[in-house]
Every structure is written in structure tokens, then in C-alpha cells.
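Here is a short tour of side chains and their contacts, written for someone who likes to check distances and accessibilities. Keep the viewer open as you read.

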Amino acid sequence: MGNVSMMIYGNYGIRAATAMQETFRRIIADRGVQNVYKDILPVDEIFRIQNMHEVKAAEARFLR
């Protein structure tokens, strides 16, 4: 793929919503979140994916 500098994966993220549906189904069936932790990302990983450190740095710089 030598000359490709960016790829767009369209709606694949939203199409993976079946995993969210299954997670919510389990939460409702179990009446709690105790059984889904092993199958979901930890909050720290969500923050890493969102580049939260950059958001916090921008907040510190621009929000006074």
C-alpha cells in the first residue's frame, strides 16, 4: 500500500454497535455491571484512545 497515507473505515465503528447492544443486554439481564468488566476496556484505555492528556493540557492552557 506504498502511497496510501490515510485510510477511511467508514461506518465500521458504528456497525460494531452490536457489541454495545450485547453488553447492555447482559447488564439488564444481570441487573448490574459485575459480569461485563472482563469484556470491556478500562477507563484508562478510553482516555488513551481519546488523547485525553492533550485535552487536559489544552484545558490548562486555554481555560482560566
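Let's begin at the surface of this predicted model. Leu41, Val43, Ile46, Phe47 and Ile49 make up a nonpolar patch there, and their accessible area together comes to about 440 Å². One of these residues, Leu41, sits in the loop between helix 2 (17-30) and helix 3 (43-49). Its relative accessibility is 47%, so Leu41 counts as partly exposed, falling between the limits of 20% and 50%.

**Arg26 and its partners**

Now turn to helix 2, where you will find Arg26. Is Arg26 buried or exposed? With a relative accessible area of 18%, Arg26 is buried, because the limit for that class is under 20%. Leaving out residues up to four places away in sequence, Arg26 touches Gly32, Asn35, Val36, Lys38 and Asp39.

The contact with Asp39 deserves a closer look. A polar contact of 2.8 Å joins the side chains of Arg26 and Asp39. The pair also forms a salt bridge, with the closest N and O atoms 2.8 Å apart. This pair links distant parts of the chain: Asp39 belongs to the loop between helix 2 and helix 3, while Arg26 belongs to helix 2, 13 residues apart. Asp39 has a relative accessible area of 47% and is therefore partly exposed, whereas Arg26, at 18%, counts as buried.

**Salt bridges elsewhere**

How many salt bridges does the structure hold? There are five salt bridges in the structure. As a general point, side chains of opposite charge can pair when their charged atoms come close. Three of the pairs are set out here.

| Pair | Closest N to O distance |
|---|---|
| Asp39 and Arg26 | 2.8 Å |
| Arg48 and Glu45 | 2.7 Å |
| Lys56 and Glu59 | 3.5 Å |

Why are Arg48 and Glu45 separated by about one helical turn? Both lie in helix 3, and they are three residues apart, which means about one helical turn between them. Arg48 is exposed, because its relative accessible area of 52% is over 50%. Its partner Glu45 counts as partly exposed, with a relative accessibility of 23%.

Helix 4 (residues 52-62) gives us Lys56 and Glu59, which are three residues apart and so are also separated by about one helical turn. The side chains of these two residues meet in a salt bridge of 3.5 Å, N to O. For Glu59, the relative accessible area is 33%, so this residue is partly exposed. Salt bridges that share partners also build a network, joining Arg26, Lys38 and Asp39 into one.

**Val36 in the loop**

Our last stop is Val36, which is found in the loop between helix 2 and helix 3. Its relative accessibility is 2%, so Val36 counts as buried. What does Val36 touch, not counting residues up to four places away in sequence? The residues are Thr23, Arg26 and Ile27. Arg26 therefore comes back into the picture here, since Val36 is among the residues that Arg26 touches, and Arg26 is itself buried at 18%. If you would like a backbone distance to check as well, try Val36 and Phe24: they are 12 residues apart along the chain, and their C-alpha atoms are separated by 9.1 Å.

Note on methods
Residues numbered from 1 in each chain as written. Predicted model: local features only at pLDDT ≥ 70, side-chain atom pairs only at ≥ 80, totals over all residues. Heavy atoms only, no water. Patch = residues over 30% accessible without salt bridge, like charges linked within 9 Å, V, L, I, M, F, W, Y side chains within 5 Å. Areas by Shrake-Rupley, 256 points an atom, 1.4 Å probe, with all protein chains shown as cover. Salt bridge = Lys/Arg side-chain N within 4 Å of Asp/Glu carboxyl O. Helix = DSSP H or I, 4+ residues; strand = E, 2+ residues; numbered from the N terminus. Buried < 20%, exposed > 50% of the residue type's maximum accessible area, 1.4 Å probe, protein only. Polar contact = N/O pair within 3.5 Å; in protein donor to acceptor, adjacent residues only side chain to side chain. Contact = heavy atoms within 4.5 Å.
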